[in-house]
Amino acid sequence: MSGKILRIAAIGGAAIVAIAAAVGGWTVLGPGPMAFAKGGTVELAAYKGPSPTGVPAALRSASLVKRGEYLARAADCAVCHTVPGGQPYAGGFAFNMPFGAIYSTNITPDKETGIGNYTDAQFLDAVRKGIRPDGTRLYPAMPFGSYTYMTDEDALAIKAYLMSLPPVKSPPRANTLGWPYNQRALLGLWSAAFSPNKRFEPNPEQSPEWNRGAYLAEAMAHCGECHTPRNIGLALNNRQKFAGATNAGWRAHNISSDGDSGIGNWKTEDLTAYLSTGFANSHGVASGPMGEVVDYSLRYLTPDDLKALVTYIRSVPAVAGDLPNRVLTAAPASYKAGPAATLAGSGDRAGERIFAGACAGCHDWTGVSPLSPAATLTGTRSINDPGATNVAQVVIAGVHRQVPQDILTMPAFGHSLNDKEVAAVANYVTARFGAQGSRLTEADVRKLRSQAAQQ
Amino acid sequence: MKGTLQVNGVAHDVEAPDDMPLLWVLRDMLGMTGTKYGCGIAQCGACTVHLDGKPVRSCLLPVSAVGDKPVVTIEGVGTTPAGAKAQKAWIELDVPQCGYCQSGQIMSASALLANTPAPTDADIDAAMAGNICRCGTYLRIRAAIKRAAGTQA
Amino acid sequence: MATSIDTSRRGFLKVSAAAGGGLLLGFELLQDGAEAASAFAPNAFIRIDPKGIVTLIMPQQEMGQGTHTGHSQLLAEELDVAMSQVVLEQAPPNDMLYGGPKAPPERRRQSTGGSSSFRNGFYISLRQAGANARAILVTAAARLWKVDPATLRTSDGVVYHDPSGRQIGYGELSPRAGAITLPTDAPLKADKDFKLIGKPVHRLDVPAKTNGSVTYGIDVMAGKVPVAAVLQAPVVGGKVAAVDDAAARAIPGVKQIVVLDDLVAVVADNTWLAFKGLKALGVTWNDGPNGRLGQADIVRDLREKTSKPGVSAKNEGDIDKAFGSGDRIDVAYEMPFLAHSPMEPLNCTVHVQGKTAEIWVGTQVQTGAQKAAAKVLDVDPKAVTLTNFMLGGGFGRRLDTDMVTNAVRVAQQVSGPVKVMWSREEDTRHDTVRPYYRNVMAATLKDGRIDAWLHRISGGSVPVRMSGKPPKDGLDGSTIDGADEIPYEIPNLRVEYVQCEPGAVNVGWWRGVGPNNSLFAVESLIDELARKAGKDPLEFRLAHLQKSPRAAGVLRLAADKAGWSGPLEGKAGRGIAMINAFGSFCAAVCEAEVNADGDVRVRRMVVAVDAGKVVNPDGITSQVEGGVVFALTSAFWGNITVANGRIQQSNFHDYRMMRIHEAPPVEVHIVPSNEDPGGIGEPGVTVSTPALVNAIAAATGIRLRTMPIDREILAGRKDNA
Ligand code: FES
Ligand code: FES
């Protein structure tokens, strides 16, 4: 079980209160998301290079709505504001926190239940400060701490796009947070501490490409919201920028430039392929939340924007991860040989049996799929995560990707395998194909299911 | 892809989309219907063929990935020693019921027998668990494998 | 598969009375001149050509249950040919010739289901057909040699005249035999002379099933005809609202998009392109009123309706009075929707040409399929030619004809023949599922014996769904089947039926049909009562079966072989169950263990069968072995659920099948019997689930009353409501 989730859970009820007391200290202590880069920043207006904000050149003369569409995708609004299988942007998506669930809101132009009545100023406040027209505070599940870097122009283009959508009547769902997390007033303190309300400032010492990438990564794609660990106040800890974190039952891996645990050893073309198609040879298929990011957001980026994004991500300093190095060699062809034989030797053959029946046909006993590189387990980060968080989630939910075209999907076994069986097969495959076998229990899997559940 | 497929020792010229699974090339292009479609998602094993001697699920194997590796199907497996033994044992023990899964069962079993001449129960489980039989012929499949291996009368 | 006899061309039916129940032999094929000179076809089941090839025409379908072999044994036994000499051919659609001979002509249906192949009259009539043909051949030889027929004997397709040492093969005789007519009541062999009947015989269909040469419906004309992949409205009663076919049309090889009111189909050069085209199709559905229906609604309705008395199906003694005293127990058992999931997904190849059609399919109902197709085309059934193929599993699914009617509707839009394919997902989502059943039961014990017994059954009615009409007298006999014929001696007994249709789900015949549910409830309650009475479940049953030696016989045999009262290791238990259905008696002892997490493992299943006279003992063993796996699969995992009017399961990843390492050892013991042959395709399925649940109760003290097994209950994490 990942330490991250346990830690967040263990913080218990006191966290926000503690934060409130420690506001002053934390504000100075937390570096900004781009503070790692050498060189100082300048206000956008003072920046001499090509504009790092807005839409790509080819779209500059497109209509406001078209531009807004590109930016809304770059900012990945759709995934969080849509229930799987539901009306786009109508809200209701659950963020399962250890202390209750938060539901996303309807951002279609419906006047009663959506944002139809929002003025520009109200929209900007909501997106960049987390303040609703009635003055109440949004939970930082809405990444206003990142969107705060968005320009007025870009945010309003997104608004124009959203306003062009068909209105959907969909009342908000009540959050299920317990005390003190249900005390919205405290959120003001949180914002004061962690959300700088500050627009993007380019760094003249970095390349124009880097600056574009920074804007895309921080103001739009908000990569850090998942990939950067949070501090005790649940704010992003940029001292460990992109070092990986666990959210809603999924592990967002280390994407700092650390060698094995991060993306330091990835070829640039692999990284580009992964971001744009959700798959790269020997790195597996993006699944879960990252798969959605690719499907609904990153795949729409122009090649130049992708390149800029990659350049920026690669510049983030290495933070050593807490995961063991990946195993890059295939497991033996016989089920009898290899690390998992030890597991089998313990007398518990449940995982091996499930693997034999439901998994070996695609993934092979070697972990190198004879059918598709996309189904190769060997060398993927998730299979080498002894927490097996994503492995368990993928077994439960499968992989249903929209890109690349005709990629193999993995069926969801969550309906036919019980929690104990999911744990058994996850423990088996991490032992057989990864660096270290996981020790998931039935209860762990039950918790993972509830964290990722959408209901 | 446009090229040659080696199936049961015979070269076939094939022109098919790259991502077309071998299963459908065999069935719908070469008219070799012994290999069956059961699920299309590598869950049932009905489509099992040998690719370079290894059992693979042809329903998800893109024909472009076959290359010049030899393919053996149920129509040709009888010419291999293990395949012939399996088929004989299958007949002697009247394994099949509806028979629809049995091409795949025999392909998996003959691959097992070729690599593991005297398979244990655990070996049989590992090799055969990917093949579903809705008619429930599992007891006889196990017995037939042992008979083919000469480890059980 | 060779072409079938075309009865309409080669002869007509001559109806005449026949003795000895050999009704079928009243129908004779008249030969046209040319063929009469060459082949011998004394009746609808036998054809012998001059080369000596003996072709047996199979009235029933082979879907794995061994009927073709068993029926061949019957014919070959009396005809005196060896099994190795025969060639089989599927009968063409013809209710009169090939419908169950026991039924009066107007009610004959050529249908393979309900474990009926050996109990609908074929046991005698096929033997009679063989004997009559043999008598003609013997007569022909006697005339040829001018000897007394009584001096001739036959063996393996040859007639011998031992005194002179002469012999002649049936083939050689066949041109001479055609002209001979004899009475149709040739004597049958005495049982002691059987060479084939009752002996384990190798299945005739097996060799072709081991080398890929057998042809199923799905294999017909593979690669030679375009394939149409269908997608039907996901909700019963739903309609197509809009179709965006741009992406599908853009796929090279996609030839045509067929849009009908409740289904769409993509026609392409091959199956894969058709599936791919279907995935690329953007279809918006208008779900209609069923689009909101969920599982909970269906179950709630069922529970509500069964809270009141239903139509009485059987009423013995005075149950109301009996309930006035004694030790009473009130329980309810529920069984989920189940899919058939035959390994061969549904398919049907059709060529419509104006007002005629040709159909190639694997069906359990040839004439039913033919009629259903004719109805779509609005033509006489004769205008529809149907060729049946081997079935890659039936289990009742292929008793329905929706795969045929939909295919014909698609084919009407396509010029030339087309193979209409269902993906596995389509097969699951549009299954005609085993009904969700509820059994409300009450019983009382008096002096350790059952005194009163009420069994109220409800669940979607298959006949109602198929006919669209309410059941006759408000009673669906198929739903209460089994419950009304229990052999237990109970003085006051009432069986009731409550009609309640799930509406948004199509229900269908499923291997084991009504008894699968009704006898699960019966055998569970008997067990509960035994425990309540503090009696051994076997002894308790036997005490109520004084007048049913066959029931007691199978129970004793199964218990004996299983070592019923022997010691058991670990947290395990033995459960016993007995069923009397499909004309057979069957008992099973299940040995199961349950661990602290609620995981159940079946250690072994011992089954005793009294199926009357046995034709092929190994066929019985095989059917029971498979039946146990079929039952355990559903007991462990079988659960089709509905949300938003849609079946939620789609393929084997979410509709789980038992796999080889999960299948327990099964021992089958056959009781020698002289009773009429009973069915065997279904008893093994029906008896296994209650045996398992009774074993779980023995191991844990927990009585599971709803299927599938809920391990959360067994682990103590959930109430056993
Ligand atoms: S069809 Fe390929 S595994 Fe089922
Ligand atoms: S024999 Fe019918 S599915 Fe295996």
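This text walks through parts of a predicted model, beginning with a sheet in chain C and ending with the nonpolar cores.

The sheet is open and has four strands, in the order β22-β23-β24-β27 of chain C, with mixed pairing. Strands of a sheet pair through backbone hydrogen bonds, either parallel or antiparallel. At the edges stand β22 (572–581) and β27 (666–670) of chain C; each has a single partner strand, so one side of each has no neighbour in the sheet. On average, neighbouring strands here are turned by 15° against each other, if direction is ignored.

One pair in this sheet can be followed in detail. Strand β24 of chain C, residues 600–610, pairs with β27(C) in the parallel sense, over five bridges. C:Met605 has C:Val666, in β27(C), as its bridge partner. Helix α19(C) packs on the sheet and touches β24 and β27 of chain C. The direction of α19(C) makes about 145° with that of β24(C).

A second helix of chain C, α9, covers residues 295–305. Its buried residues are C:Gln295, C:Ile298, C:Val299 and C:Leu302. Why do the buried residues of α9(C) line one face of the helix? Seen down the axis of α9(C), they fall within an arc of 90°, so they line one face. The spacing along a helix matters here: an α-helix has 3.6 residues a turn, so residues three or four places apart point the same way. Among the elements that cover the buried residues of α9(C) are the chain C strands β14 (327–335), β19 (437–446), β20 (449–459) and β25 (642–643).

Next comes a single residue in another helix. C:Glu523 belongs to α16 of chain C, which runs over residues 513–532. Is C:Glu523 buried or exposed? Its relative accessible area is 1%, and buried means under 20%, so C:Glu523 counts as buried. The side chain of C:Glu523 makes a polar contact of 2.6 Å with the side chain of C:Tyr488. Leaving aside residues up to four places away in sequence, C:Glu523 also touches others, including C:Arg541, C:Ile576, C:Met578 and C:Asn694.

The last topic is the nonpolar cores. In soluble globular proteins, nonpolar side chains tend to be buried together. The largest nonpolar core in this model has 235 residues, and C:Trp453 and C:Leu692 touch the most other members. Helix α19 of chain C (residues 617–637) gives the most to this core, with ten residues. Another core, of 63 residues, lies apart from it; A:Ala72, A:Tyr149, A:Met220 and A:Ile255 are among its members.

Definitions and conventions. Residues are numbered from 1 along each chain as its sequence is written. Chains are lettered from A and ligands numbered from 1 in the order in which they are written. This is a predicted model: local features need pLDDT of at least 70, side-chain atom pairs count only at pLDDT 80 or more; totals for chains, interfaces and linings use all residues. Side-chain values use heavy atoms; hydrogens and water are left out. Buried means under 20% relative accessible area, exposed over 50%, partly exposed in between (1.4 Å probe, protein chains only). Helices (H or I, at least four residues) and strands (E, at least two) are DSSP runs, numbered from the N terminus. The arc is that of the directions from the helix axis to the C-beta atoms. Contact means heavy atoms within 4.5 Å. A nonpolar core is a set of buried Ala, Val, Leu, Ile, Met, Phe, Trp, Tyr and Cys residues joined through side-chain atoms within 4.5 Å. A polar contact is a pair of N or O atoms within 3.5 Å; within protein, one must be able to donate a hydrogen and the other to accept it, and residues adjacent in sequence count only if both atoms are side-chain atoms. Two strands pair if DSSP finds at least two bridges between them. Axes are lines fitted to C-alpha atoms, for helices over the stretch in contact, and angles run from 0 to 180 degrees between N-to-C directions.
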